[in-house]
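Please look through the model shown below with its helices and its ligand in mind. The paragraphs that follow take up the packing of some helices, then the surroundings of the ligand.

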Amino acid sequence: MAIVLDNITYTYGVGTPFEKTALKGISVTIENGEFLGIIGHTGSGKSTFVQHLNGLLHPTTGKVTVNGVDVSEKTDEAKHMRHKVGMVFQYPEHQLFEETIAEDIAFGPKNLGLDAEEVDRRVREAMAFVGLDYDTYAERSPFHLSGGQMRRVAIAGVVAMEPDFLVLDEPSAGLDPFGREEIFDEIIKLHKEKDVTVILVSHNMEDISRMANRLIVLDKGQIVLDGKPLDIFNHHRHVLQQVGVDVPPVSVLIELLRNRGLDVSNEVLTVDD
Ligand code: ADP
């Protein structure tokens with residue numbers, strides 16, 4: 001299973017005075033099991049990139065396939081594959097709209113045409129997965145929760161779709177450190193326990209370096225770096241600085257990776273700070 005972007009270009013407002021090419025010649029394969037971080041300065045094309053992964057945007061030129069199926073097509077098979085790619089946007093609480101938490105989480109699975117029993121099973125399982133007790137929360141309004149809890153509901157809604165891929169665009173924006181921990185614990189659990197391939201857009205290098213095993217750096221709609229986070233943070237700092245990405249000191253990153261039990265012994269540090 002993989003998402004393949006084959007020579008993608010995307011232009012907003014084609015033929016208008018506001019025409020803007022946001023992605024240029026992007027070719028990348030996101031393999032099953034990866035935890036891919038995407039970074040880049042504001043306007044580098046991150047949001048445009050991730051909106052191609054489940055067919056929210058169709059490439060102006062080039063092709064996106066999920067598990068071998070072109071997701072721009074209007075077939076049932078393409079629709080099925082689009083549903084395999086869960087998407088959590090910035091401020092996902094804005095995606096909540098049903099009266100109760102259980103109904104909100106059930107919305108996606110119902111749309112898949114699943115029977116009531118299967119929908120109920122998925123809602124219960126998704127709530128348990130994100131740590132929301134069913135009896136306490138199912139009938140409550142999603143709008144009276146804390147920011148962190150609202151995001152849990154939004155993530156439960158995606159979990160209930162049983163996706164192969166999960167795309168998150170700045171999922172911790174606006175949360176306090178506690179809320180951030182909560183959300184990232186859920187994401188790591190999804191990746192590790194449910195084998196969900198994660199694509200995370202973040203400007204927070206700490207979050208990226210402790211979770212991602214691959215990192216793509218975008219600049220002006222192009223991929224300028226693609227590799228292991230530590231390698232990029234260690235050997236390509238000058239590129240990151242050129243494209244306007246803040247990088248914490250290498251020593252901090254190494255500590256972070258060590259704390260996560262990752263082997264950094266094979267790395268040769270080129271920057272001593
Ligand atoms: P990022 O997520 O990295 O901040 P975006 O993908 O949002 O970058 O934007 C990439 C480029 O496309 C920017 O120059 C932005 O101004 C432009 N852009 C984004 N959305 C639109 C839109 N709806 N219409 C026109 N231009 C857009």
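Within what distance do the axes of helix H3 and H6 come, and at roughly what angle do they cross? In this predicted model, the axes of helix H3, which covers residues 101-111, and of H6 come within 7 Å and cross at roughly 35°. The crossing of H3 and H6 is right-handed. On the H3 side, Ile 101, Asp 104, Ile 105, Phe 107 and Gly 108 take part in the contact, and they meet Val 153, Ala 156 and Gly 157 in H6. Sorted by class, the residues of this contact between H3 and H6 are 5 nonpolar, 2 polar and 1 charged.

Helix H6, residues 147-159, also packs with helix H7, residues 177-193, at an angle of about 15° and with the axes 9 Å apart. Angles under 35 degrees count as roughly parallel, and H6 and H7 are therefore roughly parallel to each other. The crossing of H6 and H7 is, once again, right-handed. From H6, the residues Gly 147, Gly 148, Arg 151, Arg 152, Ile 155 and Val 159 meet Phe 178, Gly 179, Glu 182, Ile 183, Glu 186 and Leu 190 in H7. By class, this contact of H6 with H7 has 5 nonpolar, 3 polar and 4 charged residues.

Turning to the ligand, one finds 13 residues around it, of which Tyr 12, Ala 22, Lys 46, Ser 47 and Thr 48 come nearest. Two elements, strand E2 (20-31) and helix H1 (46-51), each supply at least two residues of the shell around the ligand, and the largest share, 3 residues, comes from H1. In chemical character, the shell around the ligand divides into 8 polar, 3 nonpolar and 2 charged residues.

How far the predictor trusts this picture can be read from its scores. The mean pLDDT of the protein chain is 90, with 96% of its residues reaching 70 or more, while the model as a whole scores ipTM 0.99 and pTM 0.91.

Terms used: Residues are numbered from 1 along each chain as its sequence is written. This is a predicted model: local features need pLDDT of at least 70, side-chain atom pairs count only at pLDDT 80 or more; totals for chains, interfaces and linings use all residues. A residue is near a molecule or strand if its C-beta atom, placed from the backbone, lies within 6 Å of it. Helices (H or I, at least four residues) and strands (E, at least two) are DSSP runs, numbered from the N terminus. Ala, Val, Leu, Ile, Met, Phe, Trp, Tyr, Cys and Pro count as nonpolar, Asp, Glu, Lys and Arg as charged, and the others, Gly among them, as polar. pLDDT is the predictor's confidence in each residue, from 0 to 100. Axes are lines fitted to C-alpha atoms, for helices over the stretch in contact, and angles run from 0 to 180 degrees between N-to-C directions. Angles under 35 degrees count as roughly parallel, over 145 as roughly antiparallel, 65 to 115 as roughly perpendicular and the rest as oblique. A crossing is left-handed if the near helix is turned anticlockwise from the far one by less than a right angle, and right-handed if clockwise. Two residues are in contact if their C-beta atoms, placed from the backbone, lie within 7 Å.
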